[in-house]
Amino acid sequence: HTAFASHTIAPTAQLIVRQNRVADQRRLPDEDAKSLVFDDTLLFDIDKFSGYDRFETGTRANVGVQYTFQANNGLYARGVFGQSYHLAGENPFIDPGLDPTGKFNFSPASGLETDRSDYVAGLYLSPFSGLNLIAQGRFDEKDWTLRRQDTLLQANYGPLFGMAGYTFSHFDPSLGLVDNQQDILTGLGLRLTNNWSILGTLRYDIDAKERIQDMLQLKYSDECFVLTASYTE
């Protein structure tokens, strides 16, 4: 603690021991674990898959450090950095297998396919209430090449709230995936009442110069229940 802020440094090490192999997951259908994005939020998850159709096997160690800064004037900042190590058993991220259409069940270049994963880092900054900046990056474990970057700015003022984001992805073209991809995400919402709100978002591909997705959402939420209805194109 200092006169104007508090500082917290938290080194963390985690060891997860599981059976080395359960089944050939490549032969199992994958409906809900396709969107695998390895970043700092997954670093210490026991299972890093996004759904229940795929699961981790073998022994894995996760190591990282977190620094948190909290100023007396309300400024908040947090930084995370770490890496994951596959120590023994079968690494299910090496070979995702193919779905019936011939596409990968999930990304074979997730950053977890090697015994030493890519490095992941995250920065979370809130200079004052109502404004948040999130920046996340994944770097190659051999030469520190930037493999993925996600930046998101969130703001709210009265009943209005909005966001703007940028994503950069770099994949290995030898795997048949897009070499570089950049897209932006924008969204604007309005709180109609304490429980009801509406939100519209748009995602645009910078390289292809075309709209990827747009969505309109109506949401109800209270202390113990959330219900959303969305139209997505």
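Leu192 is partly exposed, with 48% of relative accessible area. In this predicted model, Leu192 sits in the loop that links β8 and β9. Leu192 also belongs to a nonpolar patch on the surface, together with Leu160, Leu188, Leu190, Trp196, Ile198 and Leu218. The patch covers about 610 Å², and the elements giving two or more residues to it are β8 (180-191) and β9 (196-205).

One of the residues that Leu192 touches is Ser197, found in strand β9. Ser197 has a relative accessibility of 13%, and because the cut-off for buried is under 20%, Ser197 counts as buried. Leaving aside residues up to four places away in sequence, Ser197 is in touch with Phe161, Leu190, Arg191, Leu192, Gln217, Leu218 and Lys219. Three names from that list, Leu190, Leu192 and Leu218, turn up in the nonpolar patch as well. So what does the picture look like around here? Buried Ser197 is in contact with partly exposed Leu192.

Stepping back, the whole chain is built from strands: there are eleven of them, and zero helices. Read along the sequence, the pattern is simply β after β, from β1 through to β11. The C-alpha atoms fill a box of roughly 50 × 50 × 40 Å along the principal axes. Of the 233 residues in the chain, 35% are buried. Among contacts with a separation of 6 or more, 48% come from residues 24 or more positions apart.

As for the outside, the chain exposes about 13700 Å², and carbon and sulfur atoms supply 59% of that area. Charged side chains come to 20 positive and 30 negative. The centres of these two sets lie 1 Å apart.

Two loop residues have a backbone detail worth a look. Trp144, in the loop between β5 (131-139) and β6 (146-157), has a phi near 65°, a positive value in a residue other than glycine. Trp144 is partly exposed, at 47% relative accessible area. Lys209 is not a glycine either, yet its phi is positive too, at about 55°. Lys209 lies in the loop between β9 and β10 (210-221). With a relative accessible area of 66%, Lys209 is exposed.

How values were computed
Residues numbered from 1 in each chain as written. Predicted model: local features only at pLDDT ≥ 70, side-chain atom pairs only at ≥ 80, totals over all residues. Heavy atoms only, no water. Helix = DSSP H or I, 4+ residues; strand = E, 2+ residues; numbered from the N terminus. Buried < 20%, exposed > 50% of the residue type's maximum accessible area, 1.4 Å probe, protein only. Contact = heavy atoms within 4.5 Å. Areas by Shrake-Rupley, 256 points an atom, 1.4 Å probe, with all protein chains shown as cover. Lys, Arg positive; Asp, Glu negative; His and termini not counted. Charge placed at Lys NZ, Arg CZ, Asp CG, Glu CD. Patch = residues over 30% accessible without salt bridge, like charges linked within 9 Å, V, L, I, M, F, W, Y side chains within 5 Å. Salt bridge = Lys/Arg side-chain N within 4 Å of Asp/Glu carboxyl O.
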